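Grab a pencil and open the viewer. Work through each exercise yourself before you read its solution.

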Amino acid sequence: YLMEIRMFMSRNRNAFSLSIVFIFTILAGCDKHSQEIETFKTSIKDNFVDFKGGEMHRKVSFDLSWKLRQENISEPDYFKVVVSEFTIQKFPTTCYEFDFFMKVTGHTSDQFEYAKCPDMKKTPANSIPWYDAQAYCEWLGSVFDKKGSLPTEAQWEYAATSGGKDVEYATNNGKIEPGVNTIWGDPKKAPKQPPAIDKYPPNPAGIYGMHGGVYEYVYDWYEDLYPSYAPESNPTGPKDGELKTMKGNHYPSSVISNILLRGSTDPKYGSYTVGFRCILD
């Protein structure tokens, strides 16, 4: 019996050795990603802005105004919105950050292959469907042992207004200075590539790129009249829908829109004019 065991071990020694090598290779690979993720975490840990939360008087946008009149709904001067504390990225997620996420998790996003990324570490990630952007935010939350998500429309506006201040634009001074603190608003002068995440100065809260970069996904499903019947406290959008809401401006635009602008997009398809940033809760 002992002789049979010795013969079995002798015949299978090479296979056994290869198995041990394979196991250690896998463990080493996991450890390598762990180290890379820790380095990544350290590199972006200061790229967040904390908001304690509070009240915001959300003005009624022009497009919503006439839709309310069409529905014979009385038009208020503003909607009162209250948001709880949250943390949001200073910059839109970059091409490099999204690419790193795919590398260490195995997540795939086929449309990202067509992204415009002239500078991986400075260009907003684009050509990414809403679902993949939300997946990145959830992963980012796990890196910091928190809940990660795309911001709600209310959270995005609260951050854009530097904590609910009465301003129309998410610029350094709440005003529009084409080519200085936002895009030109002139298609003849529009850049061919998404501008760097820090091309324009931040708003007073220290947040970059909410005007003059790319449109940004938010968590909410899109519905034309939703703001008129949203709950006052921490609205998260309609319960369901077919399109998702996006906010801000995109760089080829011929119109410079204010913070109230609401766009819609199919969550299954990305665009080189749309990016995103995450919140940690």
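**Exercise 1.** Work out which residues of strand 4 are buried on each of its faces.

*Solution.* Keep in mind that you're looking at a predicted model. Start with one side of strand 4: F86 and I88 sit there, and both are buried. Now flip to the other side, where you'll find T87 and Q89, buried as well. So both faces of strand 4 are covered.

**Exercise 2.** Find the strands that pair with strand 4, and give the order of the strands in the sheet.

*Solution.* Step one: strand 4 covers residues 86-89 and pairs with strand 1 in the antiparallel sense, over four bridges. Two of the partnerships across these strands are V49 with I88 and D50 with T87.

Step two: strand 4 also pairs with strand 10, again antiparallel, this time over two bridges. Here T87 stands opposite L280 of strand 10.

Step three: put the sheet together. It's an open sheet of four strands in the order 1-4-10-5, with antiparallel pairing. Strand 1 (48-51) and strand 5 (148-149) are the edge strands, as each pairs on one side only.

Finally, look for the helix lying across this sheet: helix 5 (residues 153-160) lies across strand 1, strand 4 and strand 10, and runs at about 75° to strand 4.

**Exercise 3.** Is Q89 buried or exposed, and which residues does it touch?

*Solution.* First, locate Q89: it belongs to strand 4. Next, check its relative accessible area, which is 4%. Buried means under 20%, so Q89 counts as buried.

Then list its contacts. Leaving aside neighbours within four places in sequence, Q89 is in contact with N47, F48, E97, L140, I207, R277 and C278. Closer along the chain, the side chains of Q89 and T93 are joined by a polar contact of 3.1 Å.

**Exercise 4.** Describe how helix 3 and helix 4 are arranged, and say what kinds of residues make their contact.

*Solution.* Two packed helices are described by the angle and the distance between their axes. For helix 3 (residues 95-105) and helix 4 (residues 130-143), the axes come within 11 Å and cross at roughly 75°. That's why helix 3 is called roughly perpendicular to helix 4.

Now for the residues. Helix 3 brings E97, F98, F100, F101, V104 and T105, while helix 4 brings D132, A135, Y136 and W139. Sort them by class and you get seven nonpolar, one polar and two charged residues.

Definitions and conventions
Residues are numbered from 1 along each chain as its sequence is written. This is a predicted model: local features need pLDDT of at least 70, side-chain atom pairs count only at pLDDT 80 or more; totals for chains, interfaces and linings use all residues. Side-chain values use heavy atoms; hydrogens and water are left out. Two strands pair if DSSP finds at least two bridges between them. Contact means heavy atoms within 4.5 Å. Axes are lines fitted to C-alpha atoms, for helices over the stretch in contact, and angles run from 0 to 180 degrees between N-to-C directions. Angles under 35 degrees count as roughly parallel, over 145 as roughly antiparallel, 65 to 115 as roughly perpendicular and the rest as oblique. Ala, Val, Leu, Ile, Met, Phe, Trp, Tyr, Cys and Pro count as nonpolar, Asp, Glu, Lys and Arg as charged, and the others, Gly among them, as polar. Buried means under 20% relative accessible area, exposed over 50%, partly exposed in between (1.4 Å probe, protein chains only). A polar contact is a pair of N or O atoms within 3.5 Å; within protein, one must be able to donate a hydrogen and the other to accept it, and residues adjacent in sequence count only if both atoms are side-chain atoms.
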